[in-house]
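Colleague: Can you walk me through this model? I'd like the overall picture, then one sheet.

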Amino acid sequence: MRPKPMNTTRNQRRRAAGGLAAIAMAVATGAAPAQILEPQVLVVYDSRLADSKAVAEYYAGSNRIPGATGAFKGTRPGVRVMDLSAWGAGAIAPGDISYAGFVSNIRTPIRGYLTQNKLAQTIRVIVLTKGLPHRVQDLNSAAVGDNPAQSVNAWNASNYSAASVDSELTLLWQNLSAGEANGGADSKADGLVINPFYKSTTALVTRSSANITTPKVFTLTLSPGPYWRAASNANAADNLTAGDIYLVCRLDGKTVADVRAMIDRGKDPYVNMSGVALLFDESNANGTVDSFQNSEFDNQGDAWVRTNDDYESTRDFLLNSDRRFASSTVQYDQFGGGNNFFVGPNLPSGVSWNPTVRLITNPVLLIASYGANHSGLPTRTDGQAAGTTYASTFTYAPGAIFNTIESYNGRALGGLGQNQFAAQQQAADFIAAGGTFAVANVWEPFAISVPKNFWIVRNFYLGTMTWAEAAYSGIPCLSWHQIVLGDPLARVQRSTDDVNGDGAVDIEDLYTWERLFADAPTDARLDVNRDNARNNADRVSLTNTLRAGENYILRYRE
């Protein structure tokens with residue numbers, strides 16, 4: 001049945017908007033909101049570190065930061081803030097931190113803040129700020145994760161405990177290092193924990209956090225490694241579920257100015273679904289979706305961590321299942337060699353590539369690439385390495401994501417610089433060049449754990465998840481080596497939802513859709529979901545997008 005069109009006089013619009021708001025309010029006052037809210041986010045900074053304080057002030061607002069020197073209103077003024085120095089943390093510095101230092105100076109103070117303020121079950125996202133360390137050293141061999149060969153040995157011995165600060169904090173209430181005595185799998189800090197939110201398509205806030213502080217029971221799934229996962233015979237409170245983790249994101253980059261610009265770009269970015277490029281740059285792949293792992297970097301590990309041929313699966317989903325992105329936006333290359341390596345047009349005057357490369361001139365929305373691990377890299381006539389500079393050559397669309405299969409693409413934060421064993425493109429350079437979001441690795445993570453584009457694209461660009469939720473839906477492992485850069489509360493606006501073409505997705509687009517459906521049922525703008533039909537499914541798709549945002553606004557105002 002054709003929906004009854006809405007009238008569009010001012011008073012009638014107000015009544016219609018009120019009806020839609022009532023629906024949103026009904027959802028909002030139910031068991032759980034549809035979106036993560038600002039008061040569910042905790043921004044952690046250290047007032048002794050100038051960069052950390054400056055980023056917290058810009059994001060949360062100057063009036064939230066004692067001793068603030070600016071006058072920033074704050075991008076997300078409703079978030080909660082915590083100063084580590086006020087909660088017993090010892091002196092910390094950017095870069096690496098020992099496991100003991102992580103426990104005493106980061107984990108314990110955050111636990112104390114949440115406990116004293118009775119917020120352990122309320123907070124769903126923790127945001128770390130520039131200047132805070134991002135790498136937890138291995139318990140037994142501090143820098144083992146910087147050496148690929150030694151990392152393999154530690155992994156094979158089931159005795160590899162290096163992690164990112166961020167990933168370790170996802171399991172804030174778990175004492176993973178208990179029992180560690182430099183033996184194989186003698187503590188849960190050895191190896192990785194399977195992410196219970198991996199491959200999720202529903203919002204984190206629909207999962208109960210009532211048992212988040214309860215110690216969990218884990219099962220050793222595979223060794224070497226090892227993999228730890230929720231014990232299937234655990235009691236409800238002992239079982240690790242998606243509601244028992246925090247999503248930990250980082251506002252970080254090469255400079256404070258870079259971070260502020262990244263935050264600005266992440267404020268509800270508007271995505272042109274036909275004018276951008278999504279890059280899937282493989283190397284020596286077969287180009288088909290294989291149901292079992294093979295030698296391709298995007299198809300490693302067992303079912304706990306793999307998404308079948310991530311690059312090819314994402315490509316096929318975009319071209320065949322969800323066609324909201326124009327087919328011309330999807331750029332896939334399976335071959336090695338410099339002439340199959342994706343680069344952008346932004347080279348210094350007089351500099352060129354050898355041999356000819358695959359030049360992408362459209363604004364890039366996603367870089368999924370083997371990067372420095374691409375075989376047969378091209379060279380630049382100025383001597384700069386292609387594997388560490390390619391991300392700086394693209395022009396980026398607002399909301400662009402960096403997710404490359406490079407072991408150390410998140411290492412250089414905090415002044416650590418490139419790894420001597422493997423010089424690779426850095427997420428920080430991508431942010432400096434105009435990128436908005438990134439998932440990256442800080443130690444040798446192995447191909448089994450790299451974040452998966454399929455879930456990130458589906459849940460962020462094509463769904464209603466926030467950036468934090470979408471990023472973690474694509475990360476297979478916790479207590480491991482990944483970091484997530486960017487505003488966790490960011491949500492995209494799609495041009496396909498912008499029915500009236502005014503550059504914003506709001507209630508006016510639903511009014512326009514209703515009018516067109518009644519008066520011009522063949523109008524191409526009605527096909528919001530791009531399935532070549534113009535029907536109620538398009539209205540539902542658009543309403544779901546609007547309702548997610550309205551739930552957020554209404555609950556925040558409460």
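Modeller: First a term: helices (H or I, at least four residues) and strands (E, at least two) are DSSP runs, numbered from the N terminus. The model is a predicted one.

Colleague: OK. How many helices and strands are there in the chain?

Modeller: The chain has 13 helices and 23 strands.

Colleague: What is its radius of gyration, next to that of a compact globule?

Modeller: The chain has 23 Å, which agrees with the value near 24 Å for a compact globule of 558 residues. The C-alpha trace spans about 70 × 60 × 55 Å along its principal axes.

Colleague: And what share of the residues is buried?

Modeller: 58% of the 558 residues count as buried. The accessible surface comes to about 19900 Å², and carbon and sulfur atoms hold 50% of that.

Colleague: Switching to charges. How many positive and negative ones?

Modeller: There are 47 positive and 51 negative charges, and their mean positions lie 8 Å apart.

Colleague: Now the sheet with β7. What is the strand order?

Modeller: That open sheet has 4 strands in the order β8-β9-β7-β21, with mixed pairing.

Colleague: Why is one side of β8 and of β21 left without a neighbour?

Modeller: β8 (218-222) and β21 (477-478) stand at the edges and each has a single partner strand, so one side of each has no neighbour in the sheet.

Colleague: In which sense do β7 and β21 pair?

Modeller: Antiparallel, over 2 bridges, with β7 covering residues 192-194.

Colleague: What does Ile 194 stand opposite in β21?

Modeller: Cys 477 is the residue opposite Ile 194.

Methods
Residues are numbered from 1 along each chain as its sequence is written. This is a predicted model: local features need pLDDT of at least 70, side-chain atom pairs count only at pLDDT 80 or more; totals for chains, interfaces and linings use all residues. Side-chain values use heavy atoms; hydrogens and water are left out. The radius of gyration is taken over C-alpha atoms; the globule rule is 2.2 Å times the number of residues to the power 0.38. Buried means under 20% relative accessible area, exposed over 50%, partly exposed in between (1.4 Å probe, protein chains only). Accessible areas come from the Shrake-Rupley method with a 1.4 Å probe; for residues, only the protein chains shown count as cover. Lys and Arg count as positive and Asp and Glu as negative; His and the chain ends are not counted. The place of a charge is taken as NZ of Lys, CZ of Arg, CG of Asp or CD of Glu. Two strands pair if DSSP finds at least two bridges between them.
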